[in-house]
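Visitor: I would like a close look at one part of this model, explained slowly enough that I can follow it on the screen. Please choose a part whose surroundings can be followed outwards from it.

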Amino acid sequence: MRVGKFGYLNNFLPYYILNESVEIVEANPRRMASMLLEGKIDYAPVPAFFYLKNKEQLRHYEFCVASEGKVLSVVVVSKKKELDDDAIAITPHSLTSVNLLRILLAEKGMENRLVEVETPKASKMLEICPHALVIGDEAIKARMIYRVVMDLGEEWYELTSLPMVFGISASLKNVDATAIDRKILDATDEGFRRIEEVVREAEKTFKMPREFLEEYFRTLKFRLGGKEERGLYEFEKYCRDYGLLD
(Lines give C-alpha, C1' and ligand atoms only; values in the text may rest on other atoms or scores of the structure.)
Protein backbone atom coordinates (compact mmCIF):
# COMPACT_ATOMS: atom_id res chain seq x y z
CA MET A 1 0.00 0.00 0.00
CA ARG A 2 1.33 3.43 -0.98
CA VAL A 3 1.26 5.73 2.03
CA GLY A 4 1.49 9.51 1.76
CA LYS A 5 3.50 11.69 4.08
CA PHE A 6 3.64 15.46 4.54
CA GLY A 7 7.18 16.59 3.84
CA TYR A 8 7.23 18.49 7.14
CA LEU A 9 8.54 18.03 10.66
CA ASN A 10 4.97 17.40 11.85
CA ASN A 11 5.06 13.93 10.27
CA PHE A 12 8.57 13.00 11.41
CA LEU A 13 7.67 11.29 14.69
CA PRO A 14 4.70 9.22 13.42
CA TYR A 15 6.64 8.03 10.37
CA TYR A 16 9.97 7.48 12.12
CA ILE A 17 9.17 3.81 12.81
CA LEU A 18 6.68 3.39 9.96
CA ASN A 19 9.34 4.16 7.34
CA GLU A 20 10.82 0.74 7.96
CA SER A 21 7.83 -1.25 6.70
CA VAL A 22 5.76 0.54 4.02
CA GLU A 23 6.18 2.44 0.74
CA ILE A 24 6.22 6.16 1.59
CA VAL A 25 5.38 8.94 -0.88
CA GLU A 26 6.26 12.46 0.29
CA ALA A 27 4.61 15.70 -0.87
CA ASN A 28 3.28 19.03 0.37
CA PRO A 29 -0.36 19.04 1.60
CA ARG A 30 -1.92 20.39 -1.60
CA ARG A 31 -0.06 17.91 -3.81
CA MET A 32 -0.82 15.05 -1.41
CA ALA A 33 -4.52 15.74 -1.71
CA SER A 34 -4.40 15.66 -5.51
CA MET A 35 -2.44 12.41 -5.52
CA LEU A 36 -5.00 10.75 -3.25
CA LEU A 37 -7.92 11.68 -5.52
CA GLU A 38 -5.95 10.55 -8.57
CA GLY A 39 -5.33 7.15 -6.99
CA LYS A 40 -1.55 7.63 -7.00
CA ILE A 41 -1.46 6.89 -3.28
CA ASP A 42 -3.81 4.74 -1.20
CA TYR A 43 -3.77 6.47 2.20
CA ALA A 44 -2.42 9.78 3.42
CA PRO A 45 -2.86 12.67 5.80
CA VAL A 46 -4.61 15.38 3.78
CA PRO A 47 -5.60 18.94 4.65
CA ALA A 48 -8.75 18.98 6.78
CA PHE A 49 -10.38 21.51 4.45
CA PHE A 50 -9.73 19.24 1.47
CA TYR A 51 -11.33 16.32 3.29
CA LEU A 52 -14.43 18.38 4.13
CA LYS A 53 -14.75 19.53 0.53
CA ASN A 54 -14.45 15.98 -0.82
CA LYS A 55 -16.25 13.94 1.84
CA GLU A 56 -18.42 12.17 -0.75
CA GLN A 57 -15.32 10.52 -2.25
CA LEU A 58 -13.27 9.95 0.90
CA ARG A 59 -13.32 8.07 4.15
CA HIS A 60 -11.28 9.30 7.10
CA TYR A 61 -9.37 7.45 9.78
CA GLU A 62 -8.05 8.06 13.29
CA PHE A 63 -4.54 9.35 12.54
CA CYS A 64 -4.47 13.15 12.27
CA VAL A 65 -2.33 16.23 12.85
CA ALA A 66 -4.00 18.56 15.32
CA SER A 67 -3.31 20.94 18.19
CA GLU A 68 -5.19 22.00 21.29
CA GLY A 69 -3.97 25.56 21.53
CA LYS A 70 -0.71 26.71 19.97
CA VAL A 71 0.39 24.70 16.93
CA LEU A 72 3.73 26.55 16.46
CA SER A 73 3.96 25.67 12.74
CA VAL A 74 0.96 27.56 11.30
CA VAL A 75 1.57 31.23 12.04
CA VAL A 76 1.35 34.74 10.70
CA VAL A 77 4.70 36.49 10.96
CA SER A 78 5.18 40.19 10.47
CA LYS A 79 7.55 43.07 9.99
CA LYS A 80 5.26 45.02 12.32
CA LYS A 81 4.72 44.78 16.08
CA GLU A 82 1.19 43.45 15.71
CA LEU A 83 -1.33 42.29 13.13
CA ASP A 84 -3.19 45.25 11.65
CA ASP A 85 -5.46 45.54 8.59
CA ASP A 86 -2.57 45.49 6.12
CA ALA A 87 -2.19 42.79 3.45
CA ILE A 88 -1.16 39.23 4.32
CA ALA A 89 0.85 37.10 1.90
CA ILE A 90 -0.45 33.52 1.79
CA THR A 91 1.33 30.35 0.78
CA PRO A 92 0.24 28.43 -2.32
CA HIS A 93 0.82 25.11 -0.50
CA SER A 94 -1.95 25.46 2.09
CA LEU A 95 -5.68 24.72 1.97
CA THR A 96 -6.76 24.41 5.60
CA SER A 97 -4.59 27.19 7.01
CA VAL A 98 -5.67 29.82 4.48
CA ASN A 99 -9.35 29.12 5.09
CA LEU A 100 -8.83 29.02 8.84
CA LEU A 101 -7.14 32.41 8.56
CA ARG A 102 -10.16 33.76 6.64
CA ILE A 103 -12.45 32.60 9.44
CA LEU A 104 -10.31 34.02 12.23
CA LEU A 105 -9.96 37.39 10.52
CA ALA A 106 -13.70 37.59 9.87
CA GLU A 107 -14.48 36.71 13.49
CA LYS A 108 -12.16 39.53 14.57
CA GLY A 109 -13.87 41.95 12.18
CA MET A 110 -10.68 42.37 10.16
CA GLU A 111 -10.65 42.78 6.38
CA ASN A 112 -7.05 42.10 5.41
CA ARG A 113 -6.37 41.52 1.73
CA LEU A 114 -4.89 38.06 1.21
CA VAL A 115 -2.24 37.99 -1.50
CA GLU A 116 -1.27 34.58 -2.91
CA VAL A 117 2.41 34.43 -3.77
CA GLU A 118 4.37 31.69 -5.50
CA THR A 119 6.95 31.23 -2.79
CA PRO A 120 6.39 29.68 0.69
CA LYS A 121 9.54 31.43 2.02
CA ALA A 122 8.79 33.95 4.76
CA SER A 123 11.57 36.33 3.73
CA LYS A 124 10.26 36.55 0.16
CA MET A 125 6.63 36.79 1.27
CA LEU A 126 7.47 39.68 3.58
CA GLU A 127 9.03 41.55 0.68
CA ILE A 128 5.56 41.57 -0.89
CA CYS A 129 3.32 42.16 2.16
CA PRO A 130 3.86 43.39 5.74
CA HIS A 131 2.45 40.10 7.10
CA ALA A 132 2.78 36.49 5.90
CA LEU A 133 1.01 33.22 6.65
CA VAL A 134 3.64 30.49 6.79
CA ILE A 135 3.18 26.79 7.46
CA GLY A 136 5.22 23.71 8.26
CA ASP A 137 8.98 23.85 8.56
CA GLU A 138 9.12 27.32 6.99
CA ALA A 139 6.90 28.59 9.81
CA ILE A 140 9.17 27.02 12.41
CA LYS A 141 12.22 28.71 10.88
CA ALA A 142 10.38 32.01 10.42
CA ARG A 143 9.21 32.19 14.04
CA MET A 144 12.87 32.19 15.12
CA ILE A 145 13.57 35.27 12.98
CA TYR A 146 10.35 37.29 12.72
CA ARG A 147 7.65 38.38 15.12
CA VAL A 148 4.74 35.94 15.38
CA VAL A 149 1.54 38.01 15.40
CA MET A 150 -0.90 35.08 15.16
CA ASP A 151 -0.65 31.37 15.94
CA LEU A 152 -3.69 29.94 14.16
CA GLY A 153 -4.03 26.96 16.49
CA GLU A 154 -4.05 29.24 19.50
CA GLU A 155 -6.56 31.66 17.93
CA TRP A 156 -8.88 28.80 16.98
CA TYR A 157 -8.79 27.44 20.54
CA GLU A 158 -9.57 30.89 21.95
CA LEU A 159 -12.54 31.12 19.57
CA THR A 160 -13.98 27.63 20.09
CA SER A 161 -12.28 25.99 23.11
CA LEU A 162 -11.67 23.03 20.77
CA PRO A 163 -8.63 21.49 19.07
CA MET A 164 -7.88 22.44 15.48
CA VAL A 165 -7.46 19.50 13.10
CA PHE A 166 -5.07 20.62 10.36
CA GLY A 167 -4.62 17.28 8.64
CA ILE A 168 -6.62 14.05 8.70
CA SER A 169 -5.78 10.64 7.30
CA ALA A 170 -7.99 9.52 4.43
CA SER A 171 -8.41 7.13 1.53
CA LEU A 172 -10.82 6.86 -1.36
CA LYS A 173 -14.08 5.25 -0.25
CA ASN A 174 -13.36 2.06 -2.19
CA VAL A 175 -10.09 1.55 -0.26
CA ASP A 176 -9.99 0.08 3.25
CA ALA A 177 -6.87 1.47 4.91
CA THR A 178 -7.85 0.56 8.48
CA ALA A 179 -4.83 -1.71 8.91
CA ILE A 180 -2.31 0.93 7.81
CA ASP A 181 -4.03 3.53 9.99
CA ARG A 182 -3.61 1.24 13.00
CA LYS A 183 0.01 0.70 11.99
CA ILE A 184 0.77 4.43 11.92
CA LEU A 185 -0.96 4.99 15.27
CA ASP A 186 1.14 2.19 16.78
CA ALA A 187 4.24 3.74 15.18
CA THR A 188 3.32 7.09 16.73
CA ASP A 189 3.01 5.53 20.19
CA GLU A 190 6.39 3.84 19.68
CA GLY A 191 7.85 7.16 18.53
CA PHE A 192 6.83 8.77 21.83
CA ARG A 193 8.30 5.85 23.76
CA ARG A 194 11.56 6.47 21.88
CA ILE A 195 11.21 10.25 22.00
CA GLU A 196 14.87 10.95 22.85
CA GLU A 197 16.03 8.95 19.83
CA VAL A 198 13.43 10.62 17.59
CA VAL A 199 14.42 14.10 18.75
CA ARG A 200 18.11 13.30 18.24
CA GLU A 201 17.48 12.19 14.65
CA ALA A 202 15.16 15.15 13.97
CA GLU A 203 17.85 17.50 15.25
CA LYS A 204 20.27 16.10 12.67
CA THR A 205 17.73 16.14 9.84
CA PHE A 206 16.11 19.54 10.39
CA LYS A 207 18.95 21.44 12.11
CA MET A 208 16.62 22.74 14.80
CA PRO A 209 17.19 23.12 18.56
CA ARG A 210 16.48 19.99 20.60
CA GLU A 211 14.40 21.90 23.17
CA PHE A 212 12.09 23.20 20.47
CA LEU A 213 11.73 19.77 18.85
CA GLU A 214 10.69 18.21 22.16
CA GLU A 215 8.13 20.97 22.72
CA TYR A 216 6.81 20.70 19.17
CA PHE A 217 6.30 16.93 19.13
CA ARG A 218 4.45 17.09 22.46
CA THR A 219 2.32 20.01 21.25
CA LEU A 220 0.83 18.04 18.35
CA LYS A 221 -2.09 15.62 18.66
CA PHE A 222 -1.97 12.64 16.32
CA ARG A 223 -5.16 10.79 17.28
CA LEU A 224 -8.69 11.87 16.31
CA GLY A 225 -10.49 11.62 19.63
CA GLY A 226 -13.84 13.04 20.65
CA LYS A 227 -12.59 16.61 21.14
CA GLU A 228 -10.76 16.56 17.82
CA GLU A 229 -13.90 15.30 16.05
CA ARG A 230 -15.89 18.16 17.59
CA GLY A 231 -13.17 20.59 16.49
CA LEU A 232 -13.34 19.25 12.93
CA TYR A 233 -17.14 19.53 12.93
CA GLU A 234 -16.93 23.11 14.22
CA PHE A 235 -14.40 24.00 11.51
CA GLU A 236 -16.77 22.58 8.90
CA LYS A 237 -19.62 24.64 10.36
CA TYR A 238 -17.60 27.86 10.19
CA CYS A 239 -16.47 27.05 6.65
CA ARG A 240 -20.10 26.59 5.60
CA ASP A 241 -21.23 29.72 7.41
CA TYR A 242 -18.64 31.76 5.50
CA GLY A 243 -19.35 30.08 2.17
CA LEU A 244 -15.89 28.54 1.90
CA LEU A 245 -17.14 25.05 0.98
CA ASP A 246 -19.51 26.22 -1.76
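Guide: Helices and strands here are runs assigned by DSSP, helices being H or I runs of at least four residues and strands E runs of at least two, numbered from the N terminus. The model is a predicted one, and the part I would choose is the largest pocket, in which β8 (131–135) and α6 (136–143) each supply at least two residues of the lining.

The pocket holds about 180 Å³ of space. Its wall is made up of Tyr 8, Asn 28, Thr 91, His 93, Pro 120, Lys 121, Val 134, Ile 135, Gly 136, Asp 137, Glu 138 and Lys 141, and the largest share of that wall, 4 residues, comes from α6. By character the lining is evenly divided, with 4 nonpolar, 4 polar and 4 charged residues. Among these residues Lys 141 is worth selecting, since it belongs to helix α6. What is its exposure? Lys 141 has a relative accessible area of 42%, which makes it partly exposed, as residues between 20% and 50% are classed that way. The C-alpha atom of Lys 141 is separated by 8.8 Å from that of Ala 122, although the two residues are 19 apart along the chain.

The enclosed space can be set beside this open one. A search of the whole structure returns 1 cavity of 30 Å³ or more, and the volume of this largest cavity is about 210 Å³. Its lining comprises 20 residues, and those lying nearest its centre are Asn 10, Pro 29, Val 74, Ser 97 and Phe 166. While the pocket lining includes 4 charged residues, the cavity lining has 12 nonpolar and 8 polar residues and no charged ones. Both α4 and β10 supply at least two residues each to the cavity lining, and these two elements lead on to a helix that packs against them.

That helix is α11, whose buried residues pack against α4 (96–107) and β10 (164–172), and also against α3 (48–53), β4 (58–67), α7 (152–160) and β11 (220–223). The helix has 16 residues, 226–241, which at 1.5 Å a residue should span 22 Å, and the 23 Å between its end C-alpha atoms agrees with that expectation. The residues of α11 that are buried are Glu 228, Gly 231, Leu 232, Phe 235, Glu 236, Tyr 238 and Cys 239. Seen down the axis of α11, these buried residues fall within an arc of 165 degrees, so they line one face of the helix. The spacing follows a general rule, for an α-helix has 3.6 residues a turn, so residues three or four places apart point the same way. On the other side of α11, Tyr 233 and Asp 241 are exposed, and just after the helix Gly 243 adopts a positive phi of about 70 degrees.

One of the partners of α11, helix α4, contains Leu 104, which counts as buried at 3% relative accessibility. Apart from neighbours within four places in sequence, Leu 104 touches Met 150, Leu 152, Glu 155, Trp 156 and Leu 159. The C-alpha atoms of Leu 104 and Trp 156 are 7.2 Å apart, with their positions 52 residues apart along the chain. A second buried residue, Thr 188, sits in helix α8 (residues 178–193) and has a relative accessible area of 4%. With neighbours within four places again left aside, Thr 188 is in contact with Leu 13, Pro 14, Phe 63 and Phe 222.

Two backbone details complete the tour. Ser 161, in the loop between α7 and β10, shows a positive phi of about 60 degrees although it is not a glycine, and at a relative accessible area of 51% Ser 161 is exposed. Lys 207, in the loop between α9 (195–206) and α10 (210–219), is likewise not a glycine and has a positive phi of about 55 degrees. Lys 207 is also exposed, with a relative accessible area of 69%.

Notes. Residues are numbered from 1 along each chain as its sequence is written. This is a predicted model: local features need pLDDT of at least 70, side-chain atom pairs count only at pLDDT 80 or more; totals for chains, interfaces and linings use all residues. Side-chain values use heavy atoms; hydrogens and water are left out. The expected span of a helix is 1.5 Å times one less than its number of residues. Buried means under 20% relative accessible area, exposed over 50%, partly exposed in between (1.4 Å probe, protein chains only). The arc is that of the directions from the helix axis to the C-beta atoms. Contact means heavy atoms within 4.5 Å. On a 1 Å grid over the protein atoms alone, a cavity is a set of points where a 1.4 Å probe fits but cannot get out, and a pocket is an open set with protein on both sides within 12 Å along at least five of seven lines; lining residues have an atom within 4 Å of a point. Grid points are joined across faces, edges and corners, and a volume is the space filled by probe spheres set on the points. Ala, Val, Leu, Ile, Met, Phe, Trp, Tyr, Cys and Pro count as nonpolar, Asp, Glu, Lys and Arg as charged, and the others, Gly among them, as polar.
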